[in-house]
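Reader: Could you take me through one part of this predicted model in some detail? I'd like to start with one aromatic residue and work outwards from there.

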Amino acid sequence: MKNKRRSSQRSSLFSVERYILIFVFSVIIISICIFIYEKGGPFAQIFRDHDSARFFFSVSVLGAIYTLVDYIRRKIVVERPLKRLTKATDAITHGDYNVHIEPVDGLRGRNEFDDLINSFNMMADQLYESQSVEDDFISNVSHELKTPLAVIQNYATMLQSDSLSDEKRREYAHIIIDYSNKLSALITNILNLNKLENHEMYSKKALFNLSEQLCTSILNFELVWEEKEINLETEIDEDVFVYSDEELLPLVWNNLLSNAMKFTDKGGTVKISLKKDKQYAYVSISDTGCGIDPEDGQRIFDKFFQCDKSHAMGGNGLGLALVKKVIRIVDGDITVTSEPGKGTDFTVKISLLGNNT
């Protein structure tokens with residue numbers, strides 16, 4: 001953020017002190033006018049026999065001086081910040097969010113215009129950051145969509161060859177199905193994440209059996225762990241009831257289990273446990289995979305961030321971002337511990353009775 005809320009002394013444009021100053025200034029002007037009219041002065045000789053004209057002329061001259069002073073004051077106090085705001089607003093309407101207005105900070109410190117400028121700068125900074133995130137998101141989505149589409153297109157083209165053997169035809173068809181599934185998973189994650197961020201999916205909390213839900217999610221990956229010969233270890237307490245969102249939480253378990261299976265080598269181990277205390281349920285999903293480098297640990301929940309820079313694992317970097325969003329919505333908590341080359345452990349904490357964590 002380029003702009004921070006300033007803490008200098010604040011002076012309101014409508015403060016009592018300002019009105020007192022205007023009142024005193026007006027009294028002085030009126031007193032001068034009365035003095036000229038009653039006692040005479042520089043204009044008395046000119047208008048000796050024309051008292052009314054002398055008074056009118058004196059008041060007019062002093063009124064003009066007062067008007068000039070007020071004009072200068074308004075140019076500095078009102079028009080200058082308004083021109084800055086108008087120019088900056090025009091820039092934002094034309095798509096330039098990288099704007100910043102310098103505060104007025106008059107002789108008496110900050111006033112309402114400074115508060116307005118400060119709020120405008122904060123808004124512009126947030127719009128600029130949102131635009132950058134949106135541009136990155138579109139760029140990443142385009143890249144992630146192009147890869148599976150290109151693979152599907154290439155292998156579909158090769159399937160049209162009459163000289164292709166049945167074995168190659170089955171192999172190419174399997175690749176097309178595999179990348180179609182990856183494309184479908186990517187689109188599903190994008191839609192779910194978009195709904196969560198736009199508050200189109202709300203948390204509907206109710207009491208349900210987390211033990212049964214977790215077991216169901218695990219069974220969905222039976223073919224995966226059997227194909228990779230993964231040693232699956234489970235320690236799940238029976239009948240652990242939690243007060244949370246029964247529809248959103250499967251997104252968490254499916255993504256964490258998918259990552260655990262994906263990053264665990266053939267013959268490795270995935271451990272899943274569900275324990276509880278008096279207030280919370282704790283779900284732990286750990287693997288013996290490649291682990292996470294410490295410098296990547298702070299970014300694993302960012303959209304499209306992938307620890308696997310080669311993309312060899314076929315991820316799209318949206319799963320953990322979706323997990324983090326769901327955990328936040330259901331008032332849960334998630335922690336991760338990892339050691340490169342030894343594995344990763346994700347632990348999710350969910351309230352048994354709906355208390356905020």
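Author: Let's begin with Tyr280. At 12% relative accessibility it counts as buried, since the cut-off for that label is under 20%. Tyr280 pairs with Tyr282 in an edge-to-face arrangement, with 6.4 Å from centre to centre and 70 degrees between the planes. Tyr282 is partly exposed, and its relative accessible area is 27%. So the pair brings together a buried ring and a partly exposed one.

Now for the strand around them. E5 covers residues 280–287, and 7 of its 8 residues are buried, so the rest of the structure largely encloses this strand. What does E5 pair with? On one side there is E7 (residues 343–351), which runs antiparallel to E5 and is joined to it by 8 bridges. If you want a place to look, Ala281 stands opposite Ile350 in E7. E5 also pairs with E4, again in the antiparallel sense, over 7 bridges. Here you can look for Leu274, which sits opposite Val283 in E5. E4 and E5 make a hairpin, and 3 residues lie between the two strands.

Zoom out a little and you get the sheet. It is an open one with 5 strands, in the order E2-E4-E5-E7-E6, and its pairing is mixed. E2 (231–236) and E6 are the edge strands; each has a single partner strand, so one side of each has no neighbour in the sheet. Neighbouring strands are turned against each other by 10 degrees on average, with direction ignored. As a general point, strands of a sheet pair through backbone hydrogen bonds, either parallel or antiparallel.

There's a helix to place against this sheet too. H5 (residues 210–219) lies across E2, E4 (269–276) and E5, and it runs at about 170 degrees to E2. Cys215, whose number falls within H5, is partly exposed at 35% relative accessibility. Cys290 is partly exposed as well, with a relative accessible area of 45%. In case you're wondering about cysteine bonds, a search of the whole structure turns up 0 disulfides.

What about charged contacts? The whole structure holds 6 salt bridges. Among them is the one between Lys205 and Asp331, with N and O 2.7 Å apart. That pair links distant parts of the chain: Lys205 is in strand E1 (residues 205–209), while Asp331 is in the loop between helix H9 (319–329) and strand E6 (333–339), 126 residues apart. Lys205 counts as partly exposed at 25% relative accessibility, and Asp331 is partly exposed too, at 27%.

Another salt bridge connects Lys342 and Glu339, whose closest N and O atoms are 3.5 Å apart. Lys342 is exposed, with a relative accessible area of 58%, whereas Glu339 is partly exposed at 42%. Then there's a network: Glu235, Asp237 and Lys275 are joined by salt bridges that share partners. To tie that back to the sheet, the number of Glu235 falls in E2 (231–236), and that of Lys275 falls in E4 (269–276).

One more salt bridge takes us over to the helices. Lys168 and Glu171 form it, with their closest N and O atoms 3.5 Å apart. The two are 3 residues apart in helix H4 (residues 166–197), which means about one helical turn separates them. Lys168 is partly exposed at 36% relative accessible area, and Glu171 is likewise partly exposed at 36%.

H4 also brings us back to aromatic rings. The structure has 2 aromatic pairs. Besides the pair of Tyr280 and Tyr282, Tyr155 and Tyr172 have ring centres 5.0 Å apart and planes at 65 degrees, so this pair is edge-to-face. Tyr155 lies in helix H3 (residues 112–159) and Tyr172 in helix H4, so the contact ties together parts 17 residues apart in sequence. Tyr155 is partly exposed at 23% relative accessibility, while Tyr172 is buried at 12%.

How values were computed:
Residues numbered from 1 in each chain as written. Predicted model: local features only at pLDDT ≥ 70, side-chain atom pairs only at ≥ 80, totals over all residues. Heavy atoms only, no water. Salt bridge = Lys/Arg side-chain N within 4 Å of Asp/Glu carboxyl O. Helix = DSSP H or I, 4+ residues; strand = E, 2+ residues; numbered from the N terminus. Buried < 20%, exposed > 50% of the residue type's maximum accessible area, 1.4 Å probe, protein only. Disulfide = S-S within 2.5 Å. Pairing = 2+ DSSP bridges. Axes fitted to C-alpha atoms, helices over the stretch in contact; angles between N-to-C directions. Contact = heavy atoms within 4.5 Å. Phe/Tyr/Trp six-rings, centres within 6.5 Å; stacked < 30°, edge-to-face > 60°.
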